[in-house]
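Work through the exercises below with the sequence and the model at hand. Each task is followed by a stepwise solution.

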Amino acid sequence: MNILSRNPLSTTIAALSLSATILGIHANQATASLGGNATPPPTTIANSADGLCATPYTIKKGDTLSLIAKRNSGNIFDYVNIVRVTNDVAKSDKRFAPINNINVIRVGQMLCLAKAKATPAGAIPTQITVVMDDAHTPQGAANAGHGPAHWAYNGDAGPAKWGDLSSEFAACKTGQEQSPIDLSKANLRDISNISFNYQPSKINILNNGHTIQVNYDEGSYIVVDGKRYDLLQYHFHAPSEHSVNGKLADAEVHFVHKAADGTLAVVGVLLVQGPDNASLKTVWDNLPTTQGPVKTLTATTNAKELIPPSQTTYRYNGSLTTPPCSEGVKWHVMTQSMQISAAQIKAFTNLFPVSNRPIQPLFSRTLDLDSTP
Ligand SMILES: [Zn+2]
């Protein structure tokens with residue numbers, strides 16, 4: 001290969017690094033432009049009344065709204081315009097689905113590529129507060145597994161295909177330490193108990209298109225073997241993801257924690273049908289029925305009430321149970337289950353008929369079971 005044929009490749013790599021840098025600072029710029037007198041980024045205020053939906057665009061694998069906007073108008077912030085115009089058009093033209101959560105645009109979904117129009121002098125780009133590009137915010141990163149590529153629990157984007165949907169999801173197919181697993185044939189060991197330090201939190205609730213998630217206020221954490229993991233959020237699956245001796249429970253709640261070094265630790269609690277679980281009531285009374293951004297309620301939740309009294313756990317090294325299926329996750333599944341009523345299960349499965357990944361092979365991992373309370 002001669003030097004001339006290598007040059008175009010270097011140029012492409014340089015261009016890719018540049019756009020990655022732009023995306024990396026994207027959310028900060030959006031926030032900064034709202035806080036003070038910084039020059040508003042150029043954006044447009046076009047809508048369908050302006051007849052600016054001449055060029056529908058079909059979402060392809062790997063697209064993000066920011067990248068489409070940048071290609072279309074040269075301005076990554078112009079995704080705000082695309083969302084507004086598309087949603088406007090969707091009211092009358094059923095070929096266009098409204099974009100309720102820009103983080104979960106679907107392959108095949110059609111967008112209106114609005115013609116870029118300069119912002120009038122002095123205009124405040126309030127649109128940017130309306131639509132946050134969640135994938136590029138720290139909170140978006142915390143919602144691990146809910147990235148831009150569309151995935152599902154059945155059909156063409158179901159669990160067997162996750163690893164093929166995006167190169168970022170490769171671990172779903174090739175990983176050797178995946179979750180969930182069947183909890184059986186465990187090694188009995190005397191394991192130190194988890195120290196739970198949970199405080200009440202405001203209910204910051206969202207329907208992310210796959211489950212109901214409650215983001216937890218800062219300050220609650222667990223300590224495992226001397227290491228602190230801060231509670232980020234809890235969310236639900238029905239039926240359960242982990243099985244015990246081959247049997248699934250009716251549901252499972254996952255408490256997702258992160259240590260200062262980035263290590264994730266999840267505490268899983270199996271839920272079996274019984275009387276109403278009063279600790280779920282406030283969250284269940286406020287289940288968002290459609291996918292959308294976080295809503296903060298005045299009511300509070302205390303994750304402590306959802307943890308069973310017995311401290312015995314199963315422990316193993318696993319992964320996120322949703323794409324990108326990243327490994328290195330410390331799993332702790334409580335052996336004692338909690339209860340949830342048939343009506344509560346139905347309220348959840350009405351929104352999400354299936355939300356559990358199939359059981360994954362243990363391969364060469366060991367599964368430990370605490371031998372002492
Ligand atoms: Zn989960």
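**Exercise 1: a helix and its end**

α2 is followed by G74, whose phi is positive, near 85 degrees. Helices (H or I, at least four residues) and strands (E, at least two) are DSSP runs, numbered from the N terminus. The model is predicted: local features need pLDDT of at least 70, side-chain atom pairs count only at pLDDT 80 or more, and totals for chains, interfaces and linings use all residues. Residues are numbered from 1 along each chain as its sequence is written.

Task: state which residues of helix α2 are buried, and where they fall around the axis of α2.

Solution. Step 1: apply the burial cut-offs, by which a residue is buried if 20 or more other C-beta atoms lie within 10 Å of its own, exposed if 12 or fewer, and partly exposed in between, with C-beta atoms placed from the backbone. In α2, which spans residues 65-73, the buried residues are L65, S66, I68, A69 and S73. Step 2: view α2 down its axis; the buried residues fall within an arc of 160 degrees (the arc of the directions from the helix axis to the C-beta atoms), so they line one face of the helix.

**Exercise 2: a sheet and its turn**

Task: give the strand order of the open sheet of 3 strands that contains β10, and describe the loop residue N245.

Solution. Step 1: the order is β3-β10-β11, with mixed pairing; two strands pair if DSSP finds at least two bridges between them. Step 2: β3 (182-183) and β11 (247-248) stand at the edges with a single partner strand each, so one side of each has no neighbour in the sheet. Step 3: β10 (residues 243-244) and β11 pair in the antiparallel sense over 2 bridges, and V244 stands opposite K247 in β11. Step 4: N245 is in the loop between β10 and β11. Its phi is positive, near 50 degrees, in a residue other than glycine. N245 counts as exposed, with 8 C-beta neighbours inside 10 Å.

**Exercise 3: backbone exceptions in loops**

Task: locate the cis peptide bonds S179 to P180 and P323 to P324, then characterise D225.

Solution. Step 1: the S179 to P180 bond has omega near 0 degrees, and P180 is in the loop between α7 (171-174) and β3. Step 2: the bond joining P323 and P324 has omega of about 15 degrees; P324 lies in the loop between β15 (313-319) and β16 (327-334). Step 3: D225, not a glycine, has a positive phi of about 50 degrees. D225 lies in the loop between β8 (221-224) and β9 (227-237) and is exposed, with 8 other C-beta atoms within 10 Å.
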